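Visitor: I have not looked at this one before. Can you walk me through it?
Guide: Yes, go ahead and ask.

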Amino acid sequence: MVNKVNISHEDISTYVPSFSHPHIYKELGLRAATIVISFIVILLGTIGNSFVILFFLLKRSNLKPFEMFMISLGLTDFINSAVVPSHCLLELFNFNFYYIGNNGCKVLSFLSITCMTVAPLTLTAVSINRFIAVKWPLKTRLYQNRLILLIIACTWFFASGLGSVYLIDGNICLVSYNVTLKNSTHNVFKCYTCMEQNKYIVFVLTMFLMQTGIPLIVMIILYTLIVIELRKNFTLLMSTRNTLKTCLMKNKKTTKLVITVVLVFSICFFPVNIFFLWYMFSHFTPSEKIEISYDILTMLQMCNSIANPIIYSRFHTTFRKCIVKLILPCINHKKIKMKKNYKRKHCKKIDKQ
């Protein structure tokens, strides 16, 4: 949710206590797991979300409303899967952030906070769209695509406004540490949040409300109402005309996809945000157990970036077929040949009969 905050620098007296590197990774197993997971997130996250963005853009002339939101969500996951684990790996390998300077630290923090805010706001907008589609399945919505594009633009604008807090001078700073590398001591600079305590508390609470609190409450209410509507619609499926029946079935399938995306997002994001708030207001001193727990939850949050392409491949039939064609063209070609051969043999048998 937020960057690490230093408490050991002699010039800093009002900063909020938080987790500080490089003393976190004392456990070799956790360090190795973090490196492996970070590389997996970078690899699968960038590739998977690139497929998502490319697939939906290729069918831009026939995009469904929720698919337009999925492009925005895919873009946020792509940036997150590239920025967050890369930042984590650089810290693990004691990269000297002095080379990118304060401006580089500002950009990293800005991108991270912006994308982590866009994701829940987008899912909230998708949830509202799903509720409207389920509640009024046959209602024609004029200028719907333009309205969705406007909503997407507003979510990015609002999220970037919150993230711009990190672009203000003094809110991000470079702090040096003495790190032992190959039996010699070096000064290594890291990026840290350097806000005053009161400002930082207000900022963290605002981020929690925008990224987790308000979106989760709204989505829980909406999906409760959606489930109620779907139960009502189920009784209509057996006694309605074909147009309404087809529309209801499509809404049900799409809603399952969106609910799965929201559920996975909640599992990945909610624990680390709650843990951070608990730690910040509990006044505990940093300990190895707390730091390890925080890092495990942070890894869970990172994994959300690779979850959505997997969900789409499970629930979105067209997307799954497209991915199979791109990844396994030889196998797909063999299957087509087998089907053709089977049809020919079957037709010959019928002709003989």
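Visitor: What is the chain made of over residues 257–280, helix or strand?
Guide: This is a predicted model. In it, residues 257–280 are 100% helix and 0% strand. The C-alpha atoms at the two ends are 35 Å apart.

Visitor: And how far apart are the end C-alpha atoms of residues 292–311?
Guide: They lie 29 Å apart. That span is also 100% helix, with 0% strand.

Visitor: Which UniProt annotation covers those residues?
Guide: The unreviewed UniProt entry labels them "transmembrane region". The annotation covers several stretches, including 35–58, 257–280 and 292–311.

Visitor: Changing topic. Which residues gather in the patch of positive charge on the surface?
Guide: Lys 64, Lys 252, Lys 253, Lys 256, Arg 314, Arg 320, Lys 321 and Lys 325. The elements giving two or more residues to this patch are helix 6, residues 242–282, and helix 8, residues 317–327.

Visitor: Take Lys 321. Where does it lie, and why does it count as exposed?
Guide: Lys 321 lies in helix 8. It counts as exposed because its relative accessibility is 54%, and the cut-off for exposed is over 50%.

Visitor: What about nonpolar residues: which ones form a patch on the surface?
Guide: Val 36, Ile 40, Leu 43, Leu 44 and Ile 47 do. Together they have about 430 Å² of accessible area.

Visitor: Where is Val 36 found, and why is it partly exposed?
Guide: Val 36 is found in helix 1, residues 28–58. Its relative accessible area is 46%, so Val 36 is partly exposed.

Note on methods: Residues are numbered from 1 along each chain as its sequence is written. This is a predicted model: local features need pLDDT of at least 70, side-chain atom pairs count only at pLDDT 80 or more; totals for chains, interfaces and linings use all residues. Side-chain values use heavy atoms; hydrogens and water are left out. Patches are made of residues with over 30% relative accessible area and no salt bridge: like charges are joined within 9 Å, nonpolar side chains (Val, Leu, Ile, Met, Phe, Trp, Tyr) within 5 Å. Accessible areas come from the Shrake-Rupley method with a 1.4 Å probe; for residues, only the protein chains shown count as cover. A salt bridge is a side-chain nitrogen of Lys or Arg within 4 Å of a carboxyl oxygen of Asp or Glu. Lys and Arg count as positive and Asp and Glu as negative; His and the chain ends are not counted. The place of a charge is taken as NZ of Lys, CZ of Arg, CG of Asp or CD of Glu. Helices (H or I, at least four residues) and strands (E, at least two) are DSSP runs, numbered from the N terminus. Buried means under 20% relative accessible area, exposed over 50%, partly exposed in between (1.4 Å probe, protein chains only). UniProt positions are given in the numbering used here, feature names are shortened, and annotations may be inferred rather than shown by experiment.
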